[in-house]
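Have a look at the sequence and the fold below, and keep the viewer open. We'll walk from the pocket to the core and then out to the segment at the start of the chain.

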Amino acid sequence: MDLRQNQITVGELLQDPRARAVFQRRFGKWMKHPMVQAARSLTLGQLAEMAAVYLPKKTIQETIQELREL
């Protein structure tokens, strides 16, 4: 998948069933959090920066790589 140098928006990713499945598999319980809908306008890069407070860098990098491989 073309992530446009991590400038693709979270909303665009969530509209793609394959990308949504990646997020669901990796972060299932968090997908129902109200902030997910609020984050739809963020870019993947912005989301990765914010997530770094809560998730290991390796998890973020592996998720982005998996999205690239779609």
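**Pocket, core and the chain start**

Sorted by class, the residues lining the largest pocket come out as 19 nonpolar, two polar and no charged ones. In that tally Ala, Val, Leu, Ile, Met, Phe, Trp, Tyr, Cys and Pro count as nonpolar, Asp, Glu, Lys and Arg as charged, and the others, Gly among them, as polar. Before going further, note that this is a predicted model, where local features need pLDDT of at least 70 and side-chain atom pairs count only at pLDDT 80 or more, while totals for chains, interfaces and linings use all residues. Residues are numbered from 1 along each chain as its sequence is written, and side-chain values use heavy atoms, with hydrogens and water left out.

Back to the pocket. A pocket here is an open set of points on a 1 Å grid over the protein atoms alone, where a 1.4 Å probe fits, with protein on both sides within 12 Å along at least five of seven lines; lining residues have an atom within 4 Å of a point. The largest one holds about 670 Å³ of space, the volume being the space filled by probe spheres set on grid points that are joined across faces, edges and corners. Its lining has 21 residues, and Trp30, Val36, Leu47, Ala51 and Leu55 lie nearest the centre. Two or more lining residues come from each of α1 (10-15), α2 (17-27), α3 (34-38), α4 (44-51) and α5 (57-68). Helices are DSSP runs of H or I with at least four residues, numbered from the N terminus. The largest share of the lining, five residues, belongs to α4.

Now for the packing. In soluble globular proteins, nonpolar side chains tend to be buried together. The largest nonpolar core in this model has 19 residues, and the ones with the most contacts inside it are Leu3, Leu13, Leu14, Phe23, Leu44, Ile64 and Leu67. α1, α2, α4 and α5 each give two or more residues to this core, with the largest share, four residues, coming from α2. Such a core is a set of buried Ala, Val, Leu, Ile, Met, Phe, Trp, Tyr and Cys residues joined through side-chain atoms within 4.5 Å. Buried means under 20% relative accessible area, exposed over 50%, and partly exposed in between (1.4 Å probe, protein chains only).

Leu13, in helix α1, is a handy place to centre your view. Its relative accessibility is 0%, so Leu13 counts as buried. Leaving out residues up to four places away in sequence, Leu13 touches Met1, Leu3, Ile8, Ala19, Arg20, Phe23, Leu44 and Leu67, where contact means heavy atoms within 4.5 Å. Met1 sits 12 residues from Leu13 in sequence, with 9.7 Å between their C-alpha atoms. Under the same sequence filter of four places, Leu3 touches Ile8, Leu13, Leu44, Ile64, Leu67 and Arg68.

How many aromatic pairs does the structure hold? It holds one. The ring centres of Phe23 and Phe27 are 6.4 Å apart and the planes are at 35°, so the pair is tilted. Rings of Phe, Tyr and Trp (its six-membered ring) pair if their centres lie within 6.5 Å, with planes under 30 degrees apart counted as stacked, over 60 as edge-to-face and the rest as tilted. Both residues lie in helix α2, four residues apart, about one turn of the helix, and both are buried.

Finally, swing round to the segment before α1, where you'll find Asn6 and Arg4. Each has a positive phi in a residue other than glycine: near 50° for Arg4 and near 65° for Asn6. Arg4 is partly exposed because its relative accessible area is 37%, whereas Asn6, at 19%, counts as buried. Beyond its neighbours within four places in sequence, Asn6 is in contact with Thr43, Leu44, Gly45, Ile64 and Arg68.

Two of those partners deserve a click. Thr43, in the loop between α3 and α4, is buried because its relative accessibility is 13%. Apart from residues up to four places away in sequence, Thr43 touches Asn6, Gln7, Ile8, Thr9 and Val10. Gly45 is in helix α4 and is partly exposed, with a relative accessible area of 21%. The C-alpha atoms of Gly45 and Val10 are 9.5 Å apart, although 35 residues separate them along the chain.
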